[in-house]
Every structure is written in C-alpha cells, then in structure tokens.
Amino acid sequence: MNDPATLALNADELIRLALKEDISNEDVSTNAVIKEYKKGTVQLICKQNGVICGLEVFARTFKILDPATEIKFYAKDGDKVAKSRHIADLTGDIRVLLQGERTALNYLQRMSGIATYTAQVAELLKGSKTKLLDTRKTTPNMRLFEKYAVRCGGGNNHRYNLSDGVMLKDNHIGAAGGITAAVKAAKEYSSFVRKIEVEVETLEQCREALQAGADIIMLDNMSVEDMKKAVAMIDGKALTECSGNVTKENITAIISTGVDFVSSGALTHSAPILDLSLKNLHPVVE
C-alpha cells in the first residue's frame with residue numbers, strides 16, 4: 001500500500017467507485033455556497049486513541065478529485081495516535097475538500113479501526129509462538145484496504161482470495177465424500193507448491209486429515225481441551241490453525257493450546273471505527 005504504483009493499479013478503481021457512490025451527479029450543498037474556485041485549508045484531527053491506517057488512501061481520494069490538492073501528514077500508517085492529535089493539513093480547492101471529505105474519512109476511519117483492534121489482539125499474543133491471521137470475512141470491495149489494515153495493526157494475512165490457496169472446508173469435504181477423498185483430489189489437482197489446508201471439527205476428523213497428508217489442519221470451533229489434544233496428536237507433522245469465534249476476550253485461552261496460527265474474522269467484521277474528523281476549514285488569503 002505504500003507503493004504508489006500498486007496503489008494506483010489496485011486501489012484507484014475502488015476509490016473512484018466510492019466517490020461515484022457519494023457524488024452521483026453533483027455535490028448540491030457545496031455548489032450552492034461555493035460557486036467557483038476558492039483556495040482553502042482544513043485539518044485532520046484524531047478524536048480518540050488508536051492506530052492510524054489508510055493515510056495514502058485518504059490522500060488518494062482527494063488527489064483523484066483534484067491532483068493539485070496538497071496534503072502534509074504528521075503521522076504514518078501504523079503509528080499510535082492520541083485523542084486531539086493533529087494528523088494532517090489539506091490545502092486546495094475548497095469544493096474538493098468538501099466533496100471528498102466523507103469518502104476519505106470513511107476509508108481512514110474503517111482502516112484505522114481495524115488496525116487498532118488488531119493491535120489490541122496482537123498484544124495478547126506477545127511472548128507466544130502463535131501468529132494472528134485475518135480471514136476472508138471482509139466488506140465487499142474493501143478487502144484490499146482491510147487486509148492492509150490488519151498488517152498495520154501487527155497481524156498477518158491469511159489467503160487473499162479463493163485463488164491463493166487450497167482450503168477444504170466442511171462443504172468441500174461433504175461434496176467430495178470425506179476428508180481423505182477431498183485431500184486426494186486436491187493433491188491431484190493443485191500445484192505441488194500449494195499447501196493444502198483442511199478444516200476439522202472433531203478429533204476423529206483431525207486424525208483423518210493428518211493421515212491423508214494435510215499440510216495445515218484448521219481446528220474449527222473446538223473446545224480448548226480438544227484443541228490441546230489435537231495439537232498433541234498432530235505433533236508437528238502439520239501446521240495447526242485455530243478458527244471460530246476468536247475474539248480478544250477468549251484468545252488467551254486459545255494460545256495455551258500451542259496452535260501455530262489463530263485466525264479471527266472479528267479483526268475485519270467487528271472492529272469499530274476510529275473516530276477522525278476534518279476540522280477548521282477556512283479560506284486561504286493569497
């Protein structure tokens with residue numbers, strides 16, 4: 001996300017769609033009171049403590065509307081920020097500052113909220129071998145931004161989409177006729193460089209996945225006691241991942257099982273926004 005070329009290739013289309021959603025024809029309110037170019041400046045202020053994330057996306061939103069918009073940041077993605085902190089100054093056409101405000105803040109607040117929540121969960125994993133992962137439970141057309149926010153908060157990304165890796169979940173297993181058949185079919189179809197992950201819900205399924213040659217075994221919605229037994233059973237012959245209703249409230253107990261990874265959809269689907277605001281807009285006298 002820090003690479004301008006990558007941002008332009010992957011994010012611009014999504015940002016343009018978001019802007020079109022908010023400005024289908026014109027900004028009636030702004031055009032009613034500002035009928036021609038007028039240079040102005042406004043401050044980006046943080047309204048609560050957290051981790052800032054999405055500054056390049058925030059800036060790009062205004063730059064798409066007007067490349068001449070000037071933005072000076074006093075923080076960078078991943079920084080901890082405090083309430084009342086002055087994070088940026090924006091200078092440019094007042095009409096553009098008003099038109100881009102809501103869309104830019106929506107991105108920045110959402111991404112910063114995810115980074116903040118992820119940082120809180122990641123803090124609980126410090127000192128353990130367990131790594132924190134996100135999931136595909138993301139907002140449609142926001143995955144690029146939300147998964148980046150997880151990284152800014154100290155988490156790691158699971159597969160980006162369905163093309164990234166083989167994950168055999170309960171419905172895949174049901175369709176194939178069982179774990180053994182599903183793993184066999186996956187090994188025959190996929191490239192040897194791809195690892196095969198299998199979701200299991202019981203110790204019996206765990207044993208079958210291990211015997212079938214799964215590279216990663218996901219322990220889904222299992223009790224802490226059963227997860228401990230599963231990790232002991234696997235004994236390093238496959239990587240282990242815990243999933244299912246993982247939150248910062250119960251993650252400490254999960255760490256005690258010794259799993260290699262813990263994936264949490266809550267990082268992206270349940271993180272509250274970080275409150276930010278554009279304040280003190282006024283004309284610049286030249």
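**Kink, sheets and rings**

Trainee: What makes α5 a kinked helix, and where is the kink centred?

Mentor: α5 has a kink of about 45°, centred on Glu101. The bend at a residue is the angle between the axes fitted to the seven residues ending there and the seven starting there. This is a predicted model: local features need pLDDT of at least 70 and side-chain atom pairs count only at pLDDT 80 or more, while totals for chains, interfaces and linings use all residues. Residues are numbered from 1 along each chain as its sequence is written, and side-chain values use heavy atoms, with hydrogens and water left out.

Trainee: How do you know that the span of α5 agrees with its number of residues?

Mentor: A helix is a DSSP run of H or I with at least four residues, a strand a run of E with at least two, and both are numbered from the N terminus. The expected span is 1.5 Å times one less than the number of residues. For the 32 residues of α5 (94-125) that gives 46 Å, and the end C-alpha atoms are 45 Å apart, so the two agree. Just after α5, Gly127 has a positive phi of about 90°.

Trainee: Why is α5 called largely enclosed?

Mentor: Buried means under 20% relative accessible area, exposed over 50%, and partly exposed in between, with a 1.4 Å probe and protein chains only. In α5, 23 of the 32 residues are buried, so the helix is largely enclosed by the rest of the structure. Over the chain, 49% of the 286 residues count as buried.

Trainee: What makes β8 enclosed on its two faces?

Mentor: Five of the five residues of β8 (196-200) are buried, so the strand is largely enclosed by the rest of the structure. Ile196, Val198 and Val200 lie on one side, Glu197 and Glu199 on the other, and all are buried.

Trainee: Why are β8 and its partners said to pair, and in which sense?

Mentor: Two strands pair if DSSP finds at least two bridges between them. β7 and β8 are joined by three bridges and run parallel; Val166 has Ile196 as its bridge partner in β8. Four bridges join β8 to β9, again in the parallel sense, with Leu219 of β9 the partner of Val200.

Trainee: Which strands stand at the edges of that sheet, and what makes them edge strands?

Mentor: The order of this open sheet of six strands is β6-β11-β10-β9-β8-β7, with parallel pairing. β6 (131-133) and β7 (166-168) each pair on one side only, which is what makes them edge strands. From one strand to the next the twist averages 25°, where axes are lines fitted to C-alpha atoms and angles run from 0 to 180 degrees between N-to-C directions; for helices the fit covers the stretch in contact.

Trainee: How do you know that α10 packs on this sheet?

Mentor: Contact means heavy atoms within 4.5 Å. α10 touches β9 and β10, and its direction makes about 165° with that of β9.

Trainee: What makes β3 and β12 edge strands in the other sheet?

Mentor: That open sheet has four strands in the order β3-β5-β1-β12, with antiparallel pairing. β3 (70-73) and β12 (276-283) each have a single partner strand, so one side of each is left without a neighbour in the sheet. Its twist averages 20° from one strand to the next. β3 and β5 (86-93) run antiparallel and share four bridges, and Ile71 has Leu90 as its partner in β5. α4 packs on the sheet, touching β1 (39-46), β3, β5 and β12, with its direction at about 165° to that of β3. α5 also packs there, on β1, β5 and β12, at about 165° to β12.

Trainee: Why is the pair of Phe58 and Phe62 called edge-to-face?

Mentor: Rings of Phe, Tyr and Trp (its six-membered ring) pair if their centres lie within 6.5 Å; planes under 30 degrees apart are stacked, over 60 edge-to-face, and the rest tilted. The structure holds two aromatic pairs. The centres of Phe58 and Phe62 are 5.3 Å apart and the planes are at 70°, so this pair is edge-to-face. The two residues are four apart in α4 (55-65), which separates them by about one helical turn. Phe58 and Phe62 are both buried.

Trainee: What makes the phi of Asn221 and of Asp235 worth a remark?

Mentor: Most residues other than glycine have a negative phi. Asn221, not a glycine, has a positive phi of about 55° and sits in the loop between β9 (216-220) and α10 (224-234). Asp235 has a positive phi near 50° and lies in the loop between α10 and β10 (239-243). With a relative accessible area of 54%, Asp235 counts as exposed.
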